[in-house]
Structures are given as structure tokens and as C-alpha cells.
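Work through the following exercises with the sequence and the model open beside the text. Each task is followed by a solution that proceeds step by step.

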Amino acid sequence: MRLFAPGEIVHLMTHDAKTYRFILQAGGTFQFSGETLLHDQVIGQEDGIEITLSRGSRFFVFRPTLAQYTLHMPRGAQVLYPKDLALILMWADIYPGATVIEAGIGSGALTIPLLDAVGEKGQVVSYEIREDFADQAIRNIRRYFNCATVDRLTVQPRDIYEGILEEQVDRIVLDLPEPHRVVPLAAQKLRTGGVFLSFVPTVPQAVKVVEALQLERGFSFIETFETLLRPWNIEGRSVRPHLRMVGHSGFITTARRVKRLSPSSGGELSAPVETSDTHTV
């Protein structure tokens with residue numbers, strides 16, 4: 001069991017789910033409505049314990065879930081909703097040991113679950129031209145994993161529209177304005193059987209992606225969908241949908257990289273490899 005340690009983010013939650021967030025520091029103090037909680041009372045304890053503040057208020061202490069962390073972390077760019085992150089991992093089939101190309105890194109909301117899914121033997125390569133976005137994302141990623149470096153993440157400070165440096169990658173996951181421009185590059189660098197996935201907020205963007213995939217004979221089994229999340233309230237005989245729901249946020253398009261028997265497929269695909277400065281987070 002992993003116990004709470006200095007440097008971790010914790011959530012104090014009331015019985016009615018009001019949440020207060022802070023970072024554990026040895027000797028630190030959390031203050032709430034004139035009451036105090038010593039951080040040392042939490043450090044070394046297990047996740048989910050109930051604690052009492054100085055004047056008797058009771059809270060549960062939790063390590064934030066990935067969904068909670070994503071929604072509350074500092075942002076350099078808009079983040080994806082947890083409902084979309086979950087389906088991206090499933091429909092892109094991110095697995096332990098995979099090499100995944102991502103663009104762009106944004107605030108790191110997608111990068112974190114990708115890193116979790118590929119595991120210690122996998123690799124995530126994030127293309128991001130905005131240095132401020134990359135810096136904020138790296139801070140969020142390090143904070144989530146509570147470590148100084150994440151060896152399986154490499155940030156490429158370049159425009160993915162200009163080319164993908166890596167060869168024979170397993171998955172390509174895109175959250176950027178014009179993913180249709182990456183489709184020809186993906187056809188060259190994605191291994192046979194690999195998965196292409198893009199997330200875009202509007203119908204015209206989704207149409208362009210699908211049309212680009214249809215023009216490339218190296219892709220097949222193209223799907224596009226959106227997800228809607230409707231919570232329900234269940235309290236005794238009161239059973240009804242919540243008054244608010246998370247509706248449309250974007251369209252997910254997926255496709256599989258295939259190798260056709262027809263000579264028109266052009267045989268093995270290859271592309272020149274460029275060089276570029278990279279840094280490992």
C-alpha cells in the first residue's frame with residue numbers, strides 16, 4: 001500500500017463531497033474556516049482515511065483520481081474531459097510497451113493517461129511547438145507522478161505538420177486543429193495494424209479527417225463518434241437524471257493502418273528521417 005508522502009496532492013472531502021485541494025509538505029498546515037490540519041497528520045497515512053480538524057470537523061483524505069486531477073490541474077491549454085480521455089485510451093488501444101505519438105501536449109491531460117497505459121516499457125513522444133504549453137504540461141505530469149523525471153516521455157519541440165521523426169510507431173493520437181494534415185505522414189510512420197485517432201470539436205474538422213483517411217489507401221475501418229455523459233440522481237424514491245450533464249465536447253475518429261494486396265498500395269512505405277533536438281522529461 002502506497003502511503004501519503006510529501007510533495008503529493010491530496011483532496012480533503014466533506015461527507016457531501018465538497019473538496020479542498022493542497023500539496024503535502026512536512027511541517028505544513030492546512031487552514032479551513034478557523035480550523036487547522038497539520039500536514040504531518042496525513043503524511044504516512046493511507047488513502048481514504050477520515051481525519052478530524054482542530055475544532056472537530058471531519059474530512060476524508062484522498063489521493064485525487066486521474067479525472068479529478070485533470071479537471072483541477074493548472075492549464076496552459078484547454079484540457080480534454082475525463083469522458084473523452086477514457087474512450088481515447090480504449091479506442092486507440094493503448095497498451096503496455098506501445099510507442100505512441102501525441103500532438104499536441106497541451107496541459108498534459110492526455111499525456112498522463114497515455115504514460116500510465118504504456119507502462120515502464122512503453123514510450124510517449126509528444127509534439128508541441130508552444131514552449132509555454134510544454135513547460136506547464138511537464139509540471140503537471142511531474143506533479144501527478146510525484147517524481148522529478150518521467151523517462152518514458154519525450155517532447156519533440158517541433159510542428160508535427162512538418163513531419164514525424166519516429167519510425168514504425170504503434171499509435172498516433174492527435175488533439176490539434178488540423179489533424180487531416182497529419183494523415184499522409186501517419187500513413188508513412190504508423191506500423192501495419194496500428195491505430196490512428198484524432199479528437200476535434202467541430203463537424204467540419206471531423207469531415208476533413210475522415211476524407212483524408214479515405215483518400216489514403218493505407219487506412220481502413222474508419223469510425224467517428226462523440227460521447228455524452230448524463231449522471232443520475234438516486235436517493236430513495238427520487239430517481240432521475242441530474243439537471244446538468246456533460247454534453248458534446250468533440251468528435252473522436254479512429255482508423256486502422258492496413259497493407260493491401262493491390263499493387264496500387266505502393267508496397268512498403270518509407271520516409272526520410274530528419275534530425276531534431278529532443279529532451280526527455
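## Exercise 1: charges over rings

Task: determine which ring face Arg-181 lies over, and at what distance from the ring centre.

Solution. Arg-181 is placed over the face of Tyr-161, at 3.9 Å from the ring centre; a charge sits over a ring if NZ of Lys or CZ of Arg is within 6 Å of the ring centre and within 35 degrees of the ring normal. Arg-152 likewise lies over the face of Phe-145, here at 5.5 Å from the ring centre.

The model is predicted, so local features need pLDDT of at least 70 and side-chain atom pairs count only at pLDDT 80 or more, whereas totals for chains, interfaces and linings use all residues. Residues are numbered from 1 along each chain as its sequence is written, and side-chain values use heavy atoms, with hydrogens and water left out.

## Exercise 2: confidence

Task: find where in the protein confidence is lowest and where it is highest.

Solution. Begin with the overall level: the mean pLDDT (the predictor's confidence in each residue, from 0 to 100) is 90, and 93% of the residues reach 70 or more. Confidence is lowest in strand E16 (residues 279–280), with a mean of 44, and highest in strand E10 (residues 169–174), at 98; helices (H or I, at least four residues) and strands (E, at least two) are DSSP runs, numbered from the N terminus. Next, note that pLDDT stays under 50 over residues 265–280, a stretch for which the model has 33 contacts beyond four places in sequence, contact meaning heavy atoms within 4.5 Å. Where pLDDT is low, the predicted coordinates should not be read in detail.

## Exercise 3: aromatic pairs

Task: classify the pair formed by the rings of Phe-22 and Phe-30, and then the pair of Tyr-69 and Tyr-144.

Solution. The structure holds 9 aromatic pairs, where rings of Phe, Tyr and Trp (its six-membered ring) pair if their centres lie within 6.5 Å, and planes under 30 degrees apart count as stacked, over 60 as edge-to-face and the rest as tilted. Phe-22 and Phe-30 have ring centres 4.8 Å apart and planes at 20 degrees, so this pair is stacked. Phe-22 counts as buried at 9% relative accessibility, and Phe-30 counts as buried at 11%; buried means under 20% relative accessible area, exposed over 50%, and partly exposed in between (1.4 Å probe, protein chains only).

For Tyr-69 and Tyr-144 the centres are 5.1 Å apart and the planes stand at 55 degrees, so the pair is tilted. Because Tyr-69 lies in helix H1 (residues 66–72) and Tyr-144 in helix H4 (residues 131–145), the pair ties together parts that are 75 residues apart in sequence. Tyr-69 is buried, with a relative accessible area of 2%, while Tyr-144 is partly exposed, with 25%.

## Exercise 4: nonpolar cores

Task: establish how many residues the largest nonpolar core has, and which residues have the most contacts inside it.

Solution. A nonpolar core is a set of buried Ala, Val, Leu, Ile, Met, Phe, Trp, Tyr and Cys residues joined through side-chain atoms within 4.5 Å. The largest has 32 residues, and those with the most contacts inside it are Ile-88, Ile-94, Val-100, Leu-110, Ile-141, Leu-153 and Val-173. At least two residues each are supplied by helix H2 (82–91), helix H3 (111–118), H4, strand E9 (153–156) and strand E11 (190–200), and the largest share, 5 residues, comes from H3. Beyond four places in sequence, Ile-141 touches Ile-105, Thr-111, Ile-112, Leu-115, Val-150 and Leu-153. A second, separate core of 24 residues includes Tyr-127, Ile-164, Val-169 and Leu-174.

## Exercise 5: salt bridges

Task: identify which parts of the chain are tied together by the salt bridge between Arg-63 and Glu-8.

Solution. A salt bridge is a side-chain nitrogen of Lys or Arg within 4 Å of a carboxyl oxygen of Asp or Glu, and by this rule the count comes to 9. The side chains of Arg-63 and Glu-8 meet at 2.5 Å, N to O. Arg-63 lies in the loop between strand E6 (58–62) and H1, and Glu-8 in the segment before strand E1 (9–13), so the pair ties together parts that are 55 residues apart in sequence. Both Arg-63 and Glu-8 are buried, and a network of salt bridges links Arg-2, Glu-8 and Arg-63.
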